[in-house]
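I opened my notebook for a fresh look at this one. Here are my entries, in the order I made them.

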Amino acid sequence: MDKKQKVKIAFIGAGKVGCSLGKHLSLHGLNVIGYQSRSLLSAREAAAFTSTRVLSLSRLLTDAELIFITVPDDQITVAAEEIARQARHESIDLNNKIFCHCSGSLTAEALTVLSEMGAYTCSLHPMLAFADTFTSYEKLQEAFFSLEGDPETRNIVQGVISACGNSTTIIDGAKKAEYHLAAVISSNFVLALINQSMELLADCGFSPEDSGKALAPLIQNNINTILSRGPRESLTGPVERADIKTVEKHLAVLKGNRRKVYALLSRELVTLAESRKGNDKDYSPLLSLLDEYIQL
Ligand SMILES: NC(=O)c1ccc[n+]([C@@H]2O[C@H](COP(=O)([O-])OP(=O)(O)OC[C@H]3O[C@@H](n4cnc5c(N)ncnc54)[C@H](OP(=O)(O)O)[C@@H]3O)[C@@H](O)[C@H]2O)c1
């Protein structure tokens, strides 16, 4: 058996990421031994889902070698402090234990209380939206993981993730906020814009079902084109055509902040359009119009 497959892995936090990652690692033959969570019910469900065990915190700290702390970001340091307290109370040696949280924006520094007790720490972030506790793991095979923290520790965790066939990269701790912002823009902001689009269609009389059907080919083909050709070469629409009359009509439909968002995003599109090779359209009248709305 591969050495990585023998590493005893456990999870603190039996939510969406904990259950999905635990299932993914188990399915790839890694040695996931169990879960501890704030509520016994979540830990039980996670253990059943992954065919592992519910562990007390002290059993988990004694038995596991690699511990994923998959609690919400604002609970990572709280959980780390609880681990430290328990380890001191029961004289559990944390030397050589690896603790890894999964926040996209926080660094391994969130686990300083544990590194001060001799543990190795790092952060591991899967660039994926986990919307469901028990089905999101099905998408994990495609996920790209970023690691940050102590180099030796990162390498061990990277080995575990690579053993599952996932791509990984190393990220500088100072860049984590920027990195996480990139994920939020592509995921949450796109969601906000699609929601706005659906509201406009509802206003035109579309049922939610019809707006989904109407938008699906547009959204899916657009994303596929952007991913294959890059944003610049995929650009279409009234802003790219410098069609000021259509842009004026759109701005007349929108109100308040949505008008401002339209104008700001259109400005970004102008910058992209202007950078296209051989594009000699004059965007200055359009830019003046957009700037009027940005300054409102
Ligand atoms: N969701 C995503 O799309 C996504 C993507 C990438 C990374 N992440 C990161 O993954 C981490 C976990 O996020 P999530 O979406 O899985 O959160 P989640 O679904 O809310 O699950 C968090 C779990 O941790 C348990 N918990 C909370 N506080 C705890 C504590 N102090 N000690 C022990 N257990 C505690 C929760 O409580 P119960 O035991 O009461 O259920 C819950 O089961 C976060 O750092 C997040 O930034 C999330």
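The notes below go through the ligand's surroundings, the sheet and one helix.

**Entry 1, the ligand.** I kept in mind that this is a predicted model. I looked up what lies around the ligand and found 26 residues surrounding it. The closest are Gly13, Gly15, Val17, Ser37 and Ser42. I then checked which elements give two or more residues to this shell, and they are α2 (16–27), α5 (73–89) and β6 (120–126). Of these, α5 gives the most, with four residues. Sorting the shell by class, I got eleven nonpolar, twelve polar and three charged residues.

**Entry 2, the sheet.** Next I traced the strands. I found an open sheet of eight, in the order β3-β2-β1-β4-β5-β6-β7-β8, and the pairing is mixed. At the edges stand β3 (53–54) and β8 (167–170); each has a single partner strand, so one side of each is left without a neighbour in the sheet. I also looked at β1 (residues 9–12) with β4 (residues 66–69): they pair in the parallel sense over four bridges. In that pair, Ala10 stands opposite Ile67 of β4.

**Entry 3, helix α7.** I finished with α7, residues 151–162. Its twelve residues reach 16 Å from the first C-alpha to the last, close to the 16 Å expected at 1.5 Å a residue. Which residues of α7 are buried? I listed Thr153, Arg154, Val157, Val160 and Ile161. Seen down the axis of α7, these buried residues fall within an arc of 120 degrees, so they line one face of the helix. On the other side of α7, I noted Pro151, Glu152 and Asn155 as exposed.

Methods. Residues are numbered from 1 along each chain as its sequence is written. This is a predicted model: local features need pLDDT of at least 70, side-chain atom pairs count only at pLDDT 80 or more; totals for chains, interfaces and linings use all residues. A residue is near a molecule or strand if its C-beta atom, placed from the backbone, lies within 6 Å of it. Ala, Val, Leu, Ile, Met, Phe, Trp, Tyr, Cys and Pro count as nonpolar, Asp, Glu, Lys and Arg as charged, and the others, Gly among them, as polar. The expected span of a helix is 1.5 Å times one less than its number of residues. A residue is buried if 20 or more other C-beta atoms lie within 10 Å of its own, exposed if 12 or fewer, and partly exposed in between; C-beta atoms are placed from the backbone. The arc is that of the directions from the helix axis to the C-beta atoms. Two strands pair if DSSP finds at least two bridges between them.
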